[in-house]
Amino acid sequence: MRLLVVLLVFFAVVAKADPHSFSNSDIVSHPHLQLDLTADFDKKQLSGFVELDLEWHLPEARELVLDSRDLTVQRVMGRTAEGQWQALSHQFGKKQADHGQALIIGCPEQYNKVRVYYHTSPNASGLQWLSAEQTSEKTQPFMFSQSQSIHARSWIPLQDTPERRLTFSARIHTPKTLLAVMGADNSANLERDGDYQFEMPQPIPAYLIALAVGDLHFKAMSERTGVYAERAWLDKAVAEFGDTEQMMQVAGRMYGDYAWGRYDILVLPASFPFGGMENPRLSFITPTVIAGDKSLVSLIAHELAHSWSGNLVTNASWHELWLNEGFTNYVENRIMAAVYGEERALLERQLAVQELQAELPDLAPADTRLVTDYSGRDPDEAFTQVPYVKGMLLLQFLEQRFGREKFDAFLKHYFANFAFQSMTTERFLRYLRQTLLQDPDTVSFGEVLEWLNQPGLASTFVAPQSDAFVQVDRQASQWQQSDDLSKLQTTDWSIHQWLHFINQLSASVRPEQLAALDQAFGLSQSQNAEIASAWFAQAISRNYQSALPHIKTFLLQVGRRKFVVPLYQQLAAMPGGQAMALQIYQQAKAGYHPLTQVAVERVLKL
């Protein structure tokens, strides 16, 4: 009982307020905002204004505090109840390296609207400006946003916290040769004229506001799905992601109707730092998942799954990222099982667990809990495999105990009951106890708390195991003992079996054995980014020198943090590798997103 009281107090503390936001959203909030911005590619800045509709929660309040990072504010105006605009005073709070600074606006009265005129910095952490040469077609420049976790404040002064939701409208001005798209209703933009308007009628947290501008073209996949991309990627992406409509239908049957109207996909340049970003109505996707055989489309299932877990029901703070990503990994895996079969879903689940188990020893014990206090830290540090995979395993544990039918009904009701709301772990636990945990003989409350709060994996964890991987392990062992490549019967291996084989190579494998594998299977030249990065990691750890030129090429072409950061880390740890890593990074840096630059420079101690 004492443990339960302590844990509930902890949940109450971390749920009380968002330590990563300066805003006073409990006193005054903005349920709607309007943007009017111009994209200037020469200056690498957005300029214009944001107009905030205000809702005051205390009658005596006379101050509006927003989040900002590296913004230049020209002036602030407030609109009275009579419709008159008045100039307002403003000042910035003390700058913090990981969080930006408060924008404090004095309000002599409780205005119903405030308008902030501003422009962004060329180095805004949430924007990347690419020259024409850095794009796939090398004819037009490109710009895109990445607002998660707290980077919306680097291009919009607003209350940058997932505790609050907002609707928005926007008008974006661009060169007439370019198209602007947003995570919103894009239907008003029928012509490429440099003047684009958007509406987001459903309330979202600030980190889901998204904008991209480039030489983009559109192709439909179904009545409610399609792809935006540079022409070089358009047809390839449509072929790769053609099962998206089926995924939507499957998810809708299991977890409730899709709530966002359309689901389109934007293929970004290779510098995009993540696999995907679940911006509502328009997921931003890396081209590294276009493998030509749909082997990596679990990422599409993941971003689509966010339409229920994360976008519809959102973690209230970054302490509790598992409420977004653990649920999403679970839903993703269920979508993959329904569309591509249970065996493929099992393989992908086992690979995910292997990634988690490989990462756990490198994390502080406190960071291996599902609920972790990230106060005073960069919330981007929360994005480890723990919230994604350990969170998924907790939900799979509940499914196994209660049965899939009962657990599906629970989740469907959960998404409907808390739609368009922010969620804390404490609130989730209350709901869980009111619904599923009525019978303590099936699952005890203590077992759930162990998953949430104990470091590492819970005592009830059962590792997924596929016969397909067992066969790969057997063949790998026979090959290593005999040096006979004919022992590897790879003709029917899936990408997942190849990944398992590469990731599980024994420490005793010699460089000459790697050379034989490379010569036989062309692993250093693999066009599958997952295969290539896994192979390069093994090559570096075993000093397989022949792979180094290919690793350099890969690092110069791909900016996805999942791939590049571990490779730089391994290169830097090699004897004499620090100089090589620095030399590659200096060539690659300009093409990396600011978030990737920060991560790599932290590894290289720059």
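1. The accessible surface of the protein amounts to about 23600 Å², and carbon and sulfur atoms contribute 49% of that area. Since the model is a predicted one, this value, like those in the points below, is computed from the predicted coordinates.

2. Confidence should be considered next: the mean pLDDT of the protein is 95, and 97% of the residues reach a score of at least 70. Residues 1-16, by contrast, remain under a pLDDT of 50, and the model gives this stretch 25 contacts beyond four places in sequence, which I would read with that low score in mind.

3. As to overall architecture, the protein contains 18 helices and 21 strands. Its radius of gyration is 25 Å, close to the 25 Å that the globule rule gives for 606 residues, so the protein is as compact as a globular protein of that length. The C-alpha trace spans about 85 × 65 × 50 Å along the principal axes of the protein.

4. Concerning the interior, 60% of the 606 residues count as buried. Among contacts with a separation of 6 or more, 72% are between residues that lie 24 or more positions apart.

5. Towards the C-terminal end of the numbering, helix 16 (residues 561-573) packs with helix 17 (residues 577-588) at an angle of about 145°, the two axes being 6 Å apart. From helix 16, Tyr568, Leu571 and Ala572 take part in the contact, where they meet Gly577, Gln578, Met580, Ala581, Ile584, Tyr585 and Ala588 of helix 17. Sorted by class, this contact comprises eight nonpolar and two polar residues, with no charged ones.

Notes
Residues are numbered from 1 along each chain as its sequence is written. This is a predicted model: local features need pLDDT of at least 70, side-chain atom pairs count only at pLDDT 80 or more; totals for chains, interfaces and linings use all residues. Side-chain values use heavy atoms; hydrogens and water are left out. Axes are lines fitted to C-alpha atoms, for helices over the stretch in contact, and angles run from 0 to 180 degrees between N-to-C directions. Helices (H or I, at least four residues) and strands (E, at least two) are DSSP runs, numbered from the N terminus. Contact means heavy atoms within 4.5 Å. Ala, Val, Leu, Ile, Met, Phe, Trp, Tyr, Cys and Pro count as nonpolar, Asp, Glu, Lys and Arg as charged, and the others, Gly among them, as polar. pLDDT is the predictor's confidence in each residue, from 0 to 100. The radius of gyration is taken over C-alpha atoms; the globule rule is 2.2 Å times the number of residues to the power 0.38. Buried means under 20% relative accessible area, exposed over 50%, partly exposed in between (1.4 Å probe, protein chains only). Accessible areas come from the Shrake-Rupley method with a 1.4 Å probe; for residues, only the protein chains shown count as cover.
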